[in-house]
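Trainee: Could we go through this one together? I would like to practise reading a model.

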Amino acid sequence: PGLYAPRNRRLLWTRGVSGGIVVILYFLALQRIPAGEAGLLYNLFPVVATAMSVRAFGERPTIHLALALLAATFGVVLVLGDGTLRIGLGAGEALAAGAAVFAAFSSVTIRAMRATDNAATIFFYFCLGGLPVALPFALGPWPAGAGPWALAVLMALAAYVAQVALAEAYGALAISEASIWLQLTPLAQYLLAALLLGERVSAAGALGIAIGIAGVAW
């Protein structure tokens, strides 16, 4: 029982609420702007988190890590931008950028808690703190078919594994190190969309994947 006893309750609740805000802001952005544009802005959060970590923990990434993060992020820009994307200035873009800032803040909060709380406890408070934030958006009509529910359960299980793994990673890695690895997420998403949904892989997307993976590997 002592292993899962919450210790830093203030940060645990902060992470829960900020994580809920991230989800809501991102989905509100997707209602207003194309998924590629929203994803591109949101996936800048590892860069923002790295900048925040300098202030929060005094973590100063080496030139090697900084260049690797820039290369991986440039790969993400090519993949999600598809070589032609233009970022606008509107409510949707502001919501996506806000989601990125709160995601970066959540990353820093998780990193700070890993000295006192384990990954399972952090995830539990993410659920508790995020519930009141997301609950008002669950009051609308719910789907009746089995297909959407099956996908929702699959998404929930995948998200559970991802969140616990993320919290575990922040116990072993600096923010800048974890940020480089996190840039594999949109690259993997792009490849999965091609394999599972039959979406087209463009020349810019293929180049972006190569650059992103090279940056992570380096």
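A short set of questions and answers follows.

Mentor: Happily! This is a predicted model, where local features need pLDDT of at least 70, side-chain atom pairs count only at pLDDT 80 or more, and totals for chains, interfaces and linings use all residues. Residues are numbered from 1 along each chain as its sequence is written, and side-chain values use heavy atoms, leaving out hydrogens and water.

Trainee: How many helices are there in the protein chain?

Mentor: Helices are DSSP runs of H or I with at least four residues, strands are E runs of at least two, and both are numbered from the N terminus. The protein chain has zero strands, and its helices number ten.

Trainee: Which side chain meets Glu168 in a salt bridge?

Mentor: A salt bridge needs a side-chain nitrogen of Lys or Arg within 4 Å of a carboxyl oxygen of Asp or Glu. The structure holds one. At 3.3 Å, N to O, the partner of Glu168 is Arg114.

Trainee: Where does that partner, Arg114, lie?

Mentor: The pair links distant parts of the chain, 54 residues apart. Glu168 is in helix α7 (residues 146–169), while Arg114 is in the loop between α5 (91–113) and α6 (119–134).

Trainee: And is Val47 buried, partly exposed or exposed?

Mentor: Val47 sits in helix α3, residues 45–57. Buried means under 20% relative accessible area, exposed over 50%, and partly exposed in between, with a 1.4 Å probe and protein chains only. At 31%, Val47 is therefore partly exposed.
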